[in-house]
Amino acid sequence: MASRRGNVNVPVRQKASKSSAQDNHSVTKRLQHELRTLMTSANPGISAFPDGDNLFKWIGTIEGAKGTVYENLQYKLTLTFPSGYPYQALTVKFTTPCYHPNVDTHGNICLDILKEKWSALYDVRTVLLSIQSLLGEPNIDSPLNVHAADLWSDQEAYKKHLLQKYEQDVRSKQQS
Amino acid sequence: MSAETTSPNNNSQPNGDGGTPSEDSAGTYECNICLETANDPVVSMCGHLFCWPCLHQWLETRRQRQTCPVCKAGISKDKVIPIYGRGNPNPQDPREKLPPRPPGQRTEPEGSGAFPNFGFGGDGGFQFSFGIGAFPFGIFASTFNFNDGRPAPPAHGSPQEAEEQFLSKVFLWVAIIFIFWLLIA
């Protein structure tokens with residue numbers, strides 16, 4: 001049995017290495033398709049565009065959803081696509097400091113669909129929409145920012161602290 | 001979370017692709033992975049359309065937990081159905097492409113041949129096994145077993161079949177010798 005399975009595996013692996021250029025082409029094609037869809041459809045509160053000529057690195061923006069404490073706040077993110085995209089998840093990081101229970105001080109995001117729940121069906125649009133909804137609905141049980149998770153239950157205080165942080169980290173830097 | 005994220009995608013896909021009606025109808029037959037019109041199309045048991053190369057790669061990247069990228073239902077290579085259209089839209093499409101699409105499966109309608117595996121030896125559906133229980137005469141209870149819950153016999157003419165047949169014979173003779181020994185002793 002083992003020998004038989006081995007025989008089956010070999011051509012598949014060879015094929016994978018041989019067609020890596022072709023794979024790269026299909027990743028580019030899919031990213032172009034995503035960009036086209038993103039440009040032609042209206043997505044309130046989210047946007048993304050490639051960073052220069054490199055189609056494998058995008059810069060996205062997310063606005064906090066209405067009715068949440070993040071309303072009127074805007075965050076920038078970097079989206080990095082692996083060569084195995086969409087079979088492997090893209091990496092998303094906040095570049096704007098974000099005070100949130102599921103975002104750490106380096107901008108790393110803890111979101112299941114970017115890790116073990118990733119599916120090839122997800123794209124830039126769905127990922128950004130998920131992060132936007134994560135802003136208003138954090139997962140308090142597995143926080144990266146414990147301070148934010150503890151404060152979340154008191155929405156008044158949370159909003160006050162959030163705005164103060166945003167003012168300090170973002171607005172001051174924009175002016176300077 | 002995942003359910004929430006997929007639903008807006010599915011709902012707004014037709015608007016998103018927008019434009020001419022022809023583009024809209026093309027969206028219905030887009031592969032769920034590469035987002036292009038499906039090439040060498042296959043459909044999963046849960047009804048989701050993919051290019052066979054795209055789905056194959058998805059299954060290869062996660063061998064342990066193979067799930068449908070759209071609805072996360074269980075999915076496997078043997079459980080997808082290829083779709084054969086009438087005309088080939090791109091005539092240059094090469095058939096020798098790896099990996100090959102799985103062949104179509106045609107199951108016989110129910111009712112004909114109620115016991116396809118019943119019978120001795122006919123098509124390898126009979127296997128001999130031998131065991132000793134706490135009581136020596138237990139062997140008679142466990143001597144004859146018909147395919148119950150065990151893996152299907154290997155294909156005709158394969159090395160495994162020859163091997164199993166050989167083992168089956170060896171155990172048969174061991175059993176006969178043991179029974180003789182019991183009778184004599």
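Start at the N terminus of chain B and follow the elements along: they run α-α-β-β-α-β-β-α-β-α. That comes to five helices and five strands. Keep in mind as you look around that this is a predicted model.

How much of chain B is buried? Of its 185 residues, 26% are. The accessible surface of the chain comes to about 12600 Å², and carbon and sulfur atoms account for 62% of that. You can also ask how chain B folds back on itself. Take the contacts with a separation of 6 or more: 36% of them link residues 24 or more positions apart.

Chain B also carries a label from a database. An unreviewed UniProt entry places the feature "transmembrane region" at residues 128–146 and 166–184 of chain B. Try finding the second of these spans in the model. Residues 166–184 of chain B are 100% helix and 0% strand, and the C-alpha atoms at the two ends lie 27 Å apart.

Now for the cysteines. A disulfide is a covalent bond between the sulfur atoms of two cysteines. How many disulfides does the whole structure hold? A search over all chains finds zero. B:C31 is in none, and the nearest cysteine sulfur, in B:C51, is 3.8 Å away. B:C31 is buried, because its relative accessible area is 1%, under the 20% cut-off. B:C54 tells a similar story: the closest cysteine sulfur, in B:C34, is 3.9 Å from its own, so the two are too far apart for a bond. B:C54 counts as buried too, at 10% relative accessibility.

Over to chain A, and first a word on how far to trust it. The average pLDDT of chain A is 85, with 85% of the residues scoring at least 70. Where in chain A is confidence lowest, and where is it highest? The low point is helix 1 (residues 2–18), with a mean of 42, while strand 4 is at the top with 96. Over residues 1–19 of chain A the pLDDT is below 50, and this stretch has seven contacts in the model beyond near neighbours in sequence. Where pLDDT is low, the predicted coordinates should not be read in detail.

Next, look for A:C110. The annotation "active site", from an unreviewed UniProt entry, covers this residue. A:C110 sits in the loop between strand 4 (91–94) and helix 3 (124–136) of chain A. Is A:C110 buried or exposed? In fact A:C110 is partly exposed, because its relative accessible area is 31%, which falls between the cut-offs of 20% and 50%. What does A:C110 touch, once you leave aside neighbours within four places in sequence? Its contacts are A:N102, A:K115, A:L134 and A:L144.

Finally, the aromatic rings. A pair of aromatic rings is described by the distance of the centres and the angle of the planes. The structure holds eleven such pairs over all chains. One of them joins A:W118 and A:Y122, with 5.7 Å centre to centre and 70 degrees between the planes, which makes the pair edge-to-face. Both partners are covered by the 20% cut-off for burial: A:W118 is buried at a relative accessible area of 3%, and A:Y122 counts as buried at 1%. Ring pairs can also build a cluster, and here they link A:Y70, A:Y75, A:F94, A:Y99, A:W152, A:Y158 and A:Y166.

Conventions: Residues are numbered from 1 along each chain as its sequence is written. Chains are lettered from A and ligands numbered from 1 in the order in which they are written. This is a predicted model: local features need pLDDT of at least 70, side-chain atom pairs count only at pLDDT 80 or more; totals for chains, interfaces and linings use all residues. Side-chain values use heavy atoms; hydrogens and water are left out. UniProt positions are given in the numbering used here, feature names are shortened, and annotations may be inferred rather than shown by experiment. Helices (H or I, at least four residues) and strands (E, at least two) are DSSP runs, numbered from the N terminus. Buried means under 20% relative accessible area, exposed over 50%, partly exposed in between (1.4 Å probe, protein chains only). Contact means heavy atoms within 4.5 Å. pLDDT is the predictor's confidence in each residue, from 0 to 100. Rings of Phe, Tyr and Trp (its six-membered ring) pair if their centres lie within 6.5 Å; planes under 30 degrees apart count as stacked, over 60 as edge-to-face and the rest as tilted. A disulfide is a pair of cysteine sulfur atoms within 2.5 Å. Accessible areas come from the Shrake-Rupley method with a 1.4 Å probe; for residues, only the protein chains shown count as cover.
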